[in-house]
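Thanks for making the time, everyone. I would like to walk through one structure this morning, moving from element to element.

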Amino acid sequence: MIIVLKRNASPESAERLLERIAAAGLQPLHMPGSERVVLGALGDERVLADLALDGDPDVESVKPILAPYKLVSRELHAHDTIVRIGGVAIGGAQLAVIAGPCAVETPDQLRASAEAARAAGATILRAGAYKPRTSPYGFSGHGPAGLAILREVGDALGMPVVTEVMDTADIDLVAEHADALQIGARNMHNFALLRAVGRAGRPVVLKRGLSARIEELLLAAEYLLASGNDQVVLCERGIRTFETATRNTLDLNAVPYIKQRTHLPVIVDPSHGTGLRELVAPMALAAIACGADGLMIEVHRDPAAALSDGAQSLYPDQFAALMQAVAPVAQAVGRSL
Ligand code: PEP
Ligand code: MN
C-alpha cells in the first residue's frame, strides 16, 4: 500500500503511522518527498485492509501497489535508481559499459583482455571465476584463484570488477574480491541465493533467466530489495525461444517495458543474447537506442583460444569499433558514453 499523508502532517504523525504498520507485522517504508510524506506498507493484504489507514486524520489517501513486485516498482519509487559499482554510476545519463572475457583463464589472458576493454572505453571489468556450464566436463572456472586474479587485474587497471556467484557458500569470498556480484541466468530462480546475495552488501547484476518472464525477473529483483539491497542492475541477456539460428533471442522489448515499470537500471548483454560475434555490435546499438542504461559485452584477447564462449566474444579491435559506433547512437537518445 502507498499511504500519502496530508500536507500538514507532522513528522510525529508519520512516526506514529509507521509504528502502527510495524506493530501489525507489516514492513513499514518511509519516503519523504519535497511536497508530501509518502509511507509504504508491505505484507499481507488482509492485515493491511484491517488497519483501515484511510480513516486516520493525517492520511490523505491509501492506494494499493498494483504490481506484484512492490519495492522494485515505480509506483512506490518514481525516480530512477542510480547503482554505483566502484566509482561507476549505472542508471544516469552516462552509459555504463561492462566488458571482459567470459572467464578468468590466466593472469595474462585477463590482463590483455581487460587492457583492450579499458582502452576502448569500458569502465567496469567482467570475468567469471565460477562458471555455470551446461556440461559437467566444461571449464567451470578457477574459483578462488580466479577471484584473486580478477581483483589484481581490476586494481592494476583501476577498474571495478563484477563476477558471478553461484552458491551461497561462496558469497563472502566473492564479495571480498568483487565490487559487484552477478547472479547468472541459471540462478535467477534460486531464491535462497537471491536472499543471501541481497544481504551481502554489494551491488548486484541480476541476469534474466533463460525462460523467465519479465515479471519473474522483476520478482527475483524484489527478493534482493526485500533483503535490504536496492543496488540492483537488471540485465536482459536473451531468452530461449523456438528460434535456433541464434543462441538466444535478445528480448529488447524488455528494456522499455522494465524502464517504464521500475526504477532500477537495465543493461543488455548482446553476447549471450545472440551467441554470435557478428550480431553483438548491431544488437548493442539497438539496445542503446531503445533505452538501455549500459551494456555487458564479452571481449577476449584471442577468442579462438577462449575456454568458454569464444564464438560470441569480440576481438579487441571489434570492441573498439563498437564503442566508436555507440557514441552517436547514445547521443541521439540523450545519453553519453
Ligand atoms: C556470463 O555472463 O558469462 C554468463 C554465464 O551469463 P548468463 O548467466 O547470462 O548465461
Ligand atoms: Mn559467458
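Let me begin with a question: against which elements do the buried residues of H10 pack? Before I answer, please keep in mind that what you see is a predicted model. The buried residues of H10, the helix that spans residues 277-289, are Arg277, Val280, Ala284, Ala287 and Ile288, and they pack against strand E13 (266-268), H9, strand E14 (294-298) and helix H11 (316-332). Just after H10 comes glycine 291, whose phi is positive, at about 110°.

Two of those partners, E13 and E14, belong to the barrel, so called because 8 strands close up in the order E7-E8-E9-E10-E11-E12-E13-E14, with parallel pairing. Averaged over the sheet, and with direction ignored, neighbouring strands are turned by 25° against each other. As one example of the pairing, strand E11 (residues 204-207) and strand E12 (residues 232-236) run in the parallel sense and share 4 bridges, and within that pair leucine 206 has leucine 234 in E12 as its bridge partner. Helices pack on this sheet as well: H4 (residues 144-157) touches strand E8 (124-126) and strand E9 (161-164), and the direction of H4 makes about 165° with that of E9. Helix H6 (residues 191-198) also packs on the sheet, where H6 touches strand E10 (180-183) and E11, and here the angle between the directions of H6 and E10 is about 170°.

Now to the metal site. Which residues coordinate the manganese ion, ligand 2? The donors are Cys102 through SG, His272 through NE2, Glu298 through OE and Asp309 through OD, at 2.0 to 2.4 Å. Along the sequence these donor residues follow the spacing C-x169-H-x25-E-x10-D. Cysteine 102 sits in the loop between strand E7 (96-100) and helix H3 (107-120), whereas histidine 272 sits in helix H9 (residues 270-274), and the pair therefore ties together parts that are 170 residues apart in sequence. Cysteine 102 and histidine 272 are both buried. Aspartate 309, for its part, is placed in the loop between E14 and H11, and its phi is near 55°, a positive value in a residue other than glycine. Those of you who check backbone torsions may want a second case of that kind, which is alanine 52, with phi near 45°. Alanine 52 lies in the loop between helix H2 (45-51) and strand E4 (59-63), and at 42% relative accessibility this alanine counts as partly exposed.

Staying with cysteines for a moment, how many disulfides does the structure hold? The count is 0. For cysteine 235, the nearest cysteine sulfur is that of cysteine 290, at 13 Å, and cysteine 235 is in no disulfide; a pair would have to come within 2.5 Å to count as one. The surroundings of these two residues can be described separately: cysteine 235 is buried, with a relative accessible area of 0%, while cysteine 290 is partly exposed, with a relative accessible area of 25%.

Next, the aromatic rings, where the count comes to 1 aromatic pair. That pair is phenylalanine 191 with tyrosine 223, stacked, with 4.8 Å from centre to centre and 20° between the planes. Because phenylalanine 191 lies in helix H6 and tyrosine 223 in helix H7 (residues 214-226), the pair ties together parts that are 32 residues apart in sequence. Phenylalanine 191 is partly exposed at 37% relative accessibility, and tyrosine 223 is partly exposed at 25%.

Finally, let me turn to the N-terminal strand numbering, starting with E1. Strand E1 (residues 2-5) is covered on both faces, with Ile2 and Val4 buried on one side and Ile3 and Leu5 buried on the other. E1 runs antiparallel to E4, joined by 4 bridges, with lysine 63 in E4 as the bridge partner of isoleucine 2. E1 also runs antiparallel to strand E3 (residues 37-42), this time through 3 bridges, and there leucine 39 in E3 is the bridge partner of isoleucine 3.

Definitions and conventions. Residues are numbered from 1 along each chain as its sequence is written. Chains are lettered from A and ligands numbered from 1 in the order in which they are written. This is a predicted model: local features need pLDDT of at least 70, side-chain atom pairs count only at pLDDT 80 or more; totals for chains, interfaces and linings use all residues. Side-chain values use heavy atoms; hydrogens and water are left out. Donors are N, O and S atoms within 2.8 Å of the metal (3.2 Å for Na, K and Ca); water is not among the atoms, so sites may look incomplete. Helices (H or I, at least four residues) and strands (E, at least two) are DSSP runs, numbered from the N terminus. Buried means under 20% relative accessible area, exposed over 50%, partly exposed in between (1.4 Å probe, protein chains only). Contact means heavy atoms within 4.5 Å. Two strands pair if DSSP finds at least two bridges between them. Axes are lines fitted to C-alpha atoms, for helices over the stretch in contact, and angles run from 0 to 180 degrees between N-to-C directions. Rings of Phe, Tyr and Trp (its six-membered ring) pair if their centres lie within 6.5 Å; planes under 30 degrees apart count as stacked, over 60 as edge-to-face and the rest as tilted.
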